[in-house]
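Reader: I am new to this structure and would like to go through it step by step. Please explain each term when it first comes up.

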Amino acid sequence: MDKILITGNGPLQGEVSVAGAKNAALPIIAASMLSADPLHISNVPGVRDINTVLQLMSLLGATVERSGTDLSIDCAKVSSVHVPYEHVKTIRASILLLGPLLARFGEADVSLPGGCAIGTRPVNEHIAGLEAMGADIQIEGGYIKAKADRLCGAHFTLDVPSVTATENLLMAAALADGVTKLENCALEPEIADLTGLLTSMGAIISGAGTGTITIEGVKQLHGATHKVPPDRIETGTFLAAAAATRGDIRVLNTNPDFLHHVLGKLEQAGARLQLGPDWIQIDTGGKRCQAVNIHTAPHPAFPTDMQAQFMALNAVAEGSSTVVENIFENRFMHVAELQRMGADIELQGHTAIVQGRERLQGAPVMATDLRASASLIIAALAADGETTIDRVYHLDRGYANIDTKLADLGAKITRV
Ligand code: EPU
């Protein structure tokens with residue numbers, strides 16, 4: 001099993017280019033199931049979650065062709081609606097196939113995902129929304145067994161603005177009979193991007209990017225080409241790493257509009273930022289950052305997917321801070337590992353109280369989930385001595401070549 005070795009050696013400097021967003025690419029791949037015509041997708045990130053979901057698409061009978069960051073998926077010959085537990089437990093986003101399979105084939109048999117390292121993560125909103133559209137859904141043997149000759153338009157309000165539930169319902173409604181109005185939708189930019197793709201496939205959607213989305217169902221959707229937008233969380237991860245190491249980097253091929261709140265926090269921490277149309281420059285002037293309070297909440301507030309990285313930044317910043325996790329009940333697994341590196345963090349329920357330390361010390365640590373892995377990398381870059389990070393397969397789920405990208409920014413990092 002791969003490990004990453006990092007020797008903390010001062011500021012990150014230089015330029016780094018981010019990949020397409022994993023969490024935008026996953027629903028786009030699921031949306032290919034809505035049509036018998038192929039989708040041609042560019043800027044697809046080379047990360048393990050994408051590989052896993054593409055294996056699943058092939059298993060269901062899709063023809064998948066991939067060359068570098070270009071991907072074509074043809075779902076004309078899909079022969080199965082069974083999404084097995086083995087896949088869903090590896091990648092929860094497989095649940096995104098529930099809506100598209102049901103809408104196009106009239107049935108779906110998708111494993112319940114169960115809990116994961118960051119929380120229980122229920123899927124009741126996905127199920128309730130499809131039931132509102134007339135689906136008959138039974139839970140049997142750990143599987144969601146859904147049937148509907150044709151889904152019907154409905155007025156459905158989500159109890160919580162779940163990202164993947166909004167995506168699932170949006171895709172299902174695109175092929176339903178009549179008009180669907182979804183309220184309290186998630187506002188994450190990946191949803192507006194999915195809406196853009198569905199519209200270019202022939203869907204009729206208004207309210208994209210807002211909390212209320214109206215979808216006029218059509219009989220069938222056609223093929224399309226689409227470019228995956230830049231990964232806002234990979235962008236934020238590099239910026240946090242630069243801030244923690246007192247560095248000066250420029251992140252290329254990104255979109256500053258997606259990260260407004262995170263950029264505000266970096267400025268509050270004392271970093272100077274410059275923004276271009278598709279780049280962000282961060283300069284700490286070689287100074288230690290100030291600690292900043294973080295409160296995660298749905299977009300456009302501070303993203304839970306950046307909480308762990310900012311915890312690492314606060315651990316080496318000047319002053320004390322509170323980090324409050326409001327989205328997932330168990331997303332503090334990185335705390336115990338950061339403490340092994342000398343971080344001063346006290347947990348009180350879903351709040352972490354962090355007293356910044358001038359330096360952390362390298363130590364053997366273990367990655368527990370994707371963003372926790374990123375926080376350990378940031379801490380290790382800002383620590384004295386060597387850190388070994390075990391279980392880096394978590395990191396590879398969502399970051400493409402992060403070790404080589406960091407090495408290009410001057411980090412002493414190797415994979416063994
Ligand atoms: N929730 C429910 N019922 C549901 C669905 C969600 O109560 O049916 C609750 C969850 O328990 C949670 C909150 O709603 O408290 C938000 O969860 P959401 O459903 O929005 O999360 P998700 O769609 O499963 C996506 C991303 C996550 C990201 C979250 C929050 C994808 C594939 N995954 O997950 O990404 O943390 O939104 O922004 O888009 C990551 O990339 O590391 C990652 C975990």
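Author: Rings of Phe, Tyr and Trp (its six-membered ring) pair if their centres lie within 6.5 Å; planes under 30 degrees apart count as stacked, over 60 as edge-to-face and the rest as tilted. This is a predicted model, in which local features need pLDDT of at least 70 and side-chain atom pairs count only at pLDDT 80 or more, while totals for chains, interfaces and linings use all residues. Residues are numbered from 1 along each chain as its sequence is written, and side-chain values use heavy atoms, with hydrogens and water left out.

Reader: By this rule, to what does the count of aromatic pairs come, and which kind is it?
Author: The rule gives a count of one aromatic pair. The ring centres of phenylalanine 302 and phenylalanine 310 are 5.0 Å apart and the planes stand at 80°, so the pair is edge-to-face.

Reader: Are phenylalanine 302 and phenylalanine 310 buried or exposed?
Author: The terms rest on relative accessible area, where buried means under 20%, exposed over 50% and partly exposed in between (1.4 Å probe, protein chains only). By that scale, phenylalanine 302 and phenylalanine 310 are both buried.

Reader: Which residue lies over the face of tryptophan 279?
Author: A charge sits over a ring if NZ of Lys or CZ of Arg is within 6 Å of the ring centre and within 35 degrees of the ring normal. At 3.8 Å from the ring centre of tryptophan 279, the residue over its face is arginine 250.

Reader: Along strand S1, which side chains point to the buried face?
Author: Strands (E, at least two residues) and helices (H or I, at least four) are DSSP runs, numbered from the N terminus. In a regular strand the side chains alternate between the two faces of the sheet. Strand S1 covers residues 4–7, where Leu5 and Thr7 point to one face and are not buried, while the buried side chains on the other face are Ile4 and Ile6.

Reader: Which residues are the partners of threonine 7 in S26 and S25?
Author: Two strands pair if DSSP finds at least two bridges between them. S1 pairs in the antiparallel sense over four bridges with strand S26 (residues 412–415), and four bridges also join S1 antiparallel to strand S25 (residues 386–390). Opposite threonine 7 in S25 stands glutamate 386, and in S26 the bridge partner is lysine 412.

Reader: In strand S13, which residues form the uncovered face?
Author: Strand S13 (residues 213–216) is joined antiparallel by four bridges to strand S11 (residues 179–183) and by three to strand S12 (residues 204–206), also antiparallel. The covered face of S13 holds Ile213 and Ile215, and the uncovered one holds Thr214 and Glu216.

Reader: Which residue in the turn between S12 and S13 has a positive phi?
Author: S12 and S13 form a hairpin, in which serine 206 stands opposite threonine 214. Six residues lie between the two strands, and the one in the turn with a positive phi, of about 90°, is glycine 207.

Reader: What is the phi of asparagine 43, and where does the residue lie?
Author: Most residues other than glycine have a negative phi, and most peptide bonds are trans. Asparagine 43 is in the loop between strand S3 (39–42) and helix H2 (48–59), and counts as partly exposed at 21% relative accessibility. Although it is not a glycine, asparagine 43 has a positive phi of about 60°.

Reader: Which two residues are joined by a cis peptide bond?
Author: The proline of this bond, proline 300, has its place in the loop between S18 and helix H10 (307–315). With omega at about 15°, the cis bond joins histidine 299 and proline 300.

Reader: What is the volume of the largest cavity, and which helices give two or more residues to its lining?
Author: On a 1 Å grid over the protein atoms alone, a cavity is a set of points where a 1.4 Å probe fits but cannot get out, and lining residues have an atom within 4 Å of a point. Grid points are joined across faces, edges and corners, and a volume is the space filled by probe spheres set on the points. The largest cavity has a volume of about 60 Å³, and the elements giving two or more residues to its lining are helix H1 (22–31) and helix H8 (232–244).

Notes:
On a 1 Å grid over the protein atoms alone, a cavity is a set of points where a 1.4 Å probe fits but cannot get out, and a pocket is an open set with protein on both sides within 12 Å along at least five of seven lines; lining residues have an atom within 4 Å of a point.
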